[in-house]
Every structure is written in C-alpha cells, then in structure tokens.
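Reader: I should like to learn how the features of a structure such as this one are read. May we go through them one at a time?

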2 protein chains.
Amino acid sequence: MKKATLVDVAKEADVSAITVSRALRTPDMVSTALRQRVERAVAKTGYVPNKAASMLASSKTNSIVVLVPSLSNNVFDEVLRGIEEAARSANVTIQIGNTMYDPLREQQLLTSLLNPLPAGVILTGGEQNEASKRILQQAQTPVVQIMDLVKDPIHKVVGFSNYDGAVSALHHMLDAGYKRIGFIGAQMDPRAQDRLRGYRNALYDSGLQEPERTSVTNEKADVKLGGTLLTSLLTQHPDCDAVLCSNDDLALGVLFECQRRGLNVPRDVGICGFNDLGIVSEAVPRVTSVCTPRFEIGQCAVETVLDPHINTRAPVLDLGFKLHVRESTQP
Amino acid sequence: MKKATLVDVAKEADVSAITVSRALRTPDMVSTALRQRVERAVAKTGYVPNKAASMLASSKTNSIVVLVPSLSNNVFDEVLRGIEEAARSANVTIQIGNTMYDPLREQQLLTSLLNPLPAGVILTGGEQNEASKRILQQAQTPVVQIMDLVKDPIHKVVGFSNYDGAVSALHHMLDAGYKRIGFIGAQMDPRAQDRLRGYRNALYDSGLQEPERTSVTNEKADVKLGGTLLTSLLTQHPDCDAVLCSNDDLALGVLFECQRRGLNVPRDVGICGFNDLGIVSEAVPRVTSVCTPRFEIGQCAVETVLDPHINTRAPVLDLGFKLHVRESTQP
DNA sequence: GTGAAAGCGCTAACAG
DNA sequence: CTGTTAGCGCTTTCAC
C-alpha cells in the first residue's frame, strides 16, 4: 500500500487538494463542514504530510535550529530541556547542532542547517566568525543568541551577565573573610572571560588586585583539569585561601584535589563554582555556585524566536542569576 | 540577487542540469573535464543545493535519526560524539531526538522524524512500544539499537552486556573481600534491570543471595538520589559493606553520603559505579566502575547503519566492557 | 470559501 | 558518459 498523499485525501473527502492543505494548516479559512470531512478523510487514509514537498513549495520550515558548543557540558542540558519544552508546545521541531566550540564547524553547520530556511535560529554567545554572522544576517529568519549579554546582537539576546555573576560571587567570598582569592578557568570563551574580568575588577575595587592569583587555560574544562589547575595555582601562589572557578566541573576538581592534599574546605580553601549544576550541591562539603537560569533561557529563546512581534521586543533580555551560598565558602 | 539553482549552474557550465547533479553527487560518473567545469560554475554562482527539492525528488535523505533517552545523562555525550564523528566523515547529517525515557514521546519523534525517510535510525535499547516497532519495521530504512544486547533486534544491535558487566563488577567486589554487597538502582530501564539481574545471579552463584540488599526506584537517576537510596539501603540493611550502583551518578551520590555519615570508603563501604564517566575517576577516593565503550558504540552504529552490505552483518555486535578497579573497592 | 493552474528545485528512468 | 522527459507532493497565485 502506497503512502497517501494530499490528493488521495482530497478524493476521499470529495474536495480539492488545496482545500485539504488549507484545512490542515489554516483551519480558520475553511468551513466547519469541510474541515470535518477532511479530518475524517485524513484519519481514514492515514495521511502523513510530506515535509519535503511542503518545504519545497513554500520554502519554509517549522523547525528551529539550535547550536550549542558542547553536549558534554551539562550546562546545555537544561537549556535544551527548556527549548524542547517550549518548542513542543509551539508545535515546532528542533534541530540540534554541536559546534564543539569551533567557529568553523559552526559555520559549516549554519550553511547546512539554514537550508531550507528554519523558522528561527538559537545560538550560544556572540563568538561567531564573520562568515557565520554574514550568513545569519542575510538569512531571512530570526536569530537569538543566548547565555550571554552579547554587545552587538545579530537580532535578539536572552541571557545573563557573566561579569556580574563573578562580581557577586567575589563579593560574597570577600565578605566571608577570604583575602587571597584565586581564579581558575578553562575553555576561556567570551563568557568565561567575562567571569575573569568580573573577578579582576571586584578585586581591584577592594584594593586586593595584587598579586594576581589566576590559573587559566583554553583546554576543555572538566573535573580532572580542575585538579591540575589548582595544583599549578598553589605552586605559584601557596597563600591562596579561596578559588573562584569558571565552572562547576572545575570547582569539583578543585574540591577533590583539596581532599587529596588534605586541605580543609572551606577552612583552608574556599571554593565557588559557576552555573550550579545539581551535583555541586551534593558534594561534601556542598559547593557554593552562581546559579544561572538555563531552563528559562531555553524557553524564552524559543518564545522570542517565534514571536510574530519580535521586532518590538527589547534586543537584550537579562534573566539574571542567583548566588547559592553553601558550605564551601563559609569558613 | 536570487539564490542560484541547479539550472543556473548548468547554464554557467554549459551542460545540462542532470550533469551538474551527477557531478555533485556521484563525481565518478562524470568525466573529469566536465566535473571541473561544474565545480567552477558552482563556485562562481555560489550554488547551495536545495535539500527539500532533493528529498522530494529522490524520497531519500542523507541524514540519520538518533534517538536518545536523555541528554543530561552524560552516558550519551560520548555516544553522540562517536556518532557525530562517524557521521561527519561519512558526510551525512544527524538529527537528534530526546525521548526522555518516554515510549510515547519516542513514538511521536519517530512519526515525525521518519518523514522524509532518513538514511538510517539509531536508537537506544529495545524498549520501544509496539507502535514504534511497527513503524520501524515498515520504514524502509536500517535500524540499529545500541547500548544493550537486545534479544529480538529490529535489524541490528551494537552494544555490550549489561548483565555481564554487573557480574564482573560483583566478582571483583567479592574477591576484594566484601561479603554483604548491596545494589542501588534508579531509572530502571531494561539495561539497569540487566545489571540488577547480573548482581543477583552473581550473588546466587556465590551462595550469598540472602538477604537481598537492594534499594531500587524508577525515579531519574542523579547524584542526589544516590544519597537518598543509600540512606534507605542502610536503614534496612545496616550490615552492608559495599554497594554496586546502576550508574555513576548514583555511585557519586553514595560516596558523598558516606562522607556525610563518616563512613570510610573503601574500608567501611566499598563502591562500584557503572559506565565510568570521567568524573568518578577523579573523586576522592577514586571510584571503581564498569567502563563501557560508548564512543565506539556511536561510531560503530553509524558505520552499521550506512553499510551497503548491512544484511550480511551479524545481527548483534558485542563491543564488551572493561572493569576499572580503583580505590573505592580496595579495602 | 473554494478551486484550477503553475510551479518550487531536484532526480529517476530511460535514450542516445 | 551525457541529455531528455517527467514527475516527486505540496503551496502559491489568481480566479470564481
């Protein structure tokens, strides 16, 4: 049995093909009687629309493209959950692309995924290369950048201030009594760099900027690297009494390394992470972290991208963050 | 400037449209001279193939559909990395769907993603509902099930034995001297149940099956739940001297809970995880785990799905596992 | 509200 | 090896 087409349904319902098409896509433009006849015919024939044909004829898709830099970074799980949920209730599908923090790969993905044109594009940060930016600007589809308050957005931005997050964490650590706070960072994308800037400026404002106690690399951030970076930080600055980490994986690695060295957390070393992935709140001791609204960002990005009045929206939507203070910074 | 089509390229190269099409898809079927002319014309016109048109005309896609039950479970990161890498070198795109461990959602995704027909489907385990299985059997596209040695495969299987993994872990724990080993499990999908069966049978073979020390739930497995389950396990069986966990998140939660209770790992309690996600080997103490070949499974699944001689392949490919013994089970 | 005609851009099938 | 002819299944126009 061949698959039913629009024409088969039309015959079954004794109407024209175009009426079936309209009954399905824009039910309001069709009389109730016909709509019901069509619905019955669809059920009877088991008709499933052919997306390729629809795309070709309309040169439109009802899917939105989502580009994330990593799937192993648990930060994006929650973002994707928000996106999936919102997309599902808006009845659009999503296409996930993993750029692996590689602008060239991002460009390739865009080239490939922007054809046929999606209903919208969601991507991470503002670190696209020039070619990608041009592609996005020329594409006739809304673009939302997330996770960061990008300065010169392509269209719209939904995120939070990584800079302020770090500042806020640092003020807390200073208030808790730490005086020689270091910074550990990896995968230093613009967001991680904003965190580093926040760290520096907060210290500067407190007159504690020297010496600079940082240990930073561009390698992929993971738990193991956290330990390595702590080792190198303590080698250079044995007097460190606390560490702000550019993300939670590193913070966990720092905690483990402290345990191996017999350093008491929070007494000998205070630790603060960034993002507040579930796991840090379960570690022993529980780790302080800057909680970022990842699920909401995902949801909101979809809403923005699909908003028919997107042009009237503010270009930048700041969803904020919340510092979750836990045992690891309360000596 | 309108977008260039195949016809534009053909005019530019002074050949017919079908020649351009062939030069692009099957370069071997075209003379070198023409191929070069076509390539130049493509470059000059900036031609980008229209996928929708191609799909419609050929009723084929060069994309493969990948369904995973979770993106927050780090198990699938590696699998997806393997899939992505293999897909990229085979020049096919992938479409990721997240079933969220929900058979109905899986069925919906299949209905939606199997149209137009993908070059293949990769999905997790054998727990699809009847409707999904029927859809997959009727679809004219290869199906590979991964992560488990499914008994009645739809087409092919690439995985490892969860049962044997658990048995092997248990034998090691018994050898290490643990005598009252408990099992902690969550998200008890068929793979987790196989692990539980392995645990039970290994104990049975050693004559240590009673009393049964298990704490199992269907909730989503995460670090926090590991602690909760340990608490309930110890309440019922305070004599437990070791725990096999159905995955690494739980194992980490168990470790943290032990630390909170002042129980020494591995002396008071031995801990073994499953999957060997990078993090467990960094914890203090480093946690023993059953290492599963997730990256290879992903790669191999793509190779299988795309293999033109797929029919001659063995239905089940067992990629094995490796027990990584660490401090947490060496009292 | 509904329909008829005319493609969207590409590829399968067959000829040469 | 290359070209001709006919669609793929749907939606867009424009009539009615």
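Author: The turns below take up the contact between chains, the DNA strand, and some individual residues.

Author: This is a predicted model, in which local features need pLDDT of at least 70 and side-chain atom pairs count only at pLDDT 80 or more, while totals for chains, interfaces and linings use all residues. Residues are numbered from 1 along each chain as its sequence is written, chains are lettered from A and ligands numbered from 1 in the order in which they are written, and side-chain values use heavy atoms, with hydrogens and water left out.

Reader: What is the area buried between chain B and chain A?

Author: The size of an interface is often given as the accessible area lost when the parts come together. Buried area is the accessible area (1.4 Å probe) that two parts lose on being put together, summed over both. For chain B and chain A this comes to about 3500 Å², with carbon and sulfur atoms giving 57%. Contact means heavy atoms within 4.5 Å, and here chain A supplies 39 residues and chain B 38 residues.

Reader: How many salt bridges does the rule find across the interface of chain B and chain A?

Author: A salt bridge is a side-chain nitrogen of Lys or Arg within 4 Å of a carboxyl oxygen of Asp or Glu. The rule finds two across this interface; A:Glu282 and B:Arg260 form a salt bridge through their side chains, at 3.6 Å from N to O. On the side of chain B that touches chain A, the residues comprise 17 nonpolar, 10 polar and 11 charged. In these classes Ala, Val, Leu, Ile, Met, Phe, Trp, Tyr, Cys and Pro count as nonpolar, Asp, Glu, Lys and Arg as charged, and the others, Gly among them, as polar.

Reader: Which residues come nearest to DNA strand C?

Author: A residue is near a strand if one of its heavy atoms lies within 4 Å of it. Of the 21 residues around DNA strand C, the nearest are A:Thr19, A:Arg22, B:Leu6, B:Ser21 and B:Tyr47. Sugar or phosphate accounts for 68% of the strand's atoms within 4 Å of the protein, and bases for the rest.

Reader: Where do polar atoms of A:Thr19 and B:Ser21 meet the strand?

Author: A polar contact is a pair of N or O atoms within 3.5 Å; within protein, one must be able to donate a hydrogen and the other to accept it, and residues adjacent in sequence count only if both atoms are side-chain atoms. The side chain of A:Thr19 has an N or O atom 2.3 Å from a phosphate oxygen of DNA strand C, and a polar side-chain atom of B:Ser21 is 2.5 Å from a phosphate oxygen of that strand. At B:Ala53, a polar backbone atom is 3.4 Å from a base nitrogen of DNA strand C.

Reader: Is B:Arg191 buried or exposed?

Author: Buried means under 20% relative accessible area, exposed over 50%, and partly exposed in between (1.4 Å probe, protein chains only). B:Arg191 counts as buried because its relative accessibility is 5%. The side chains of B:Arg191 and B:Glu127 are joined by a polar contact of 2.8 Å.

Reader: What is phi of B:Ser59 and of B:Gln187?

Author: Phi is near 45° at B:Ser59, a positive value in a residue other than glycine, and phi of B:Gln187 is likewise near 45°. B:Ser59 is exposed, with a relative accessible area of 51%, whereas B:Gln187 is buried, at 17%.
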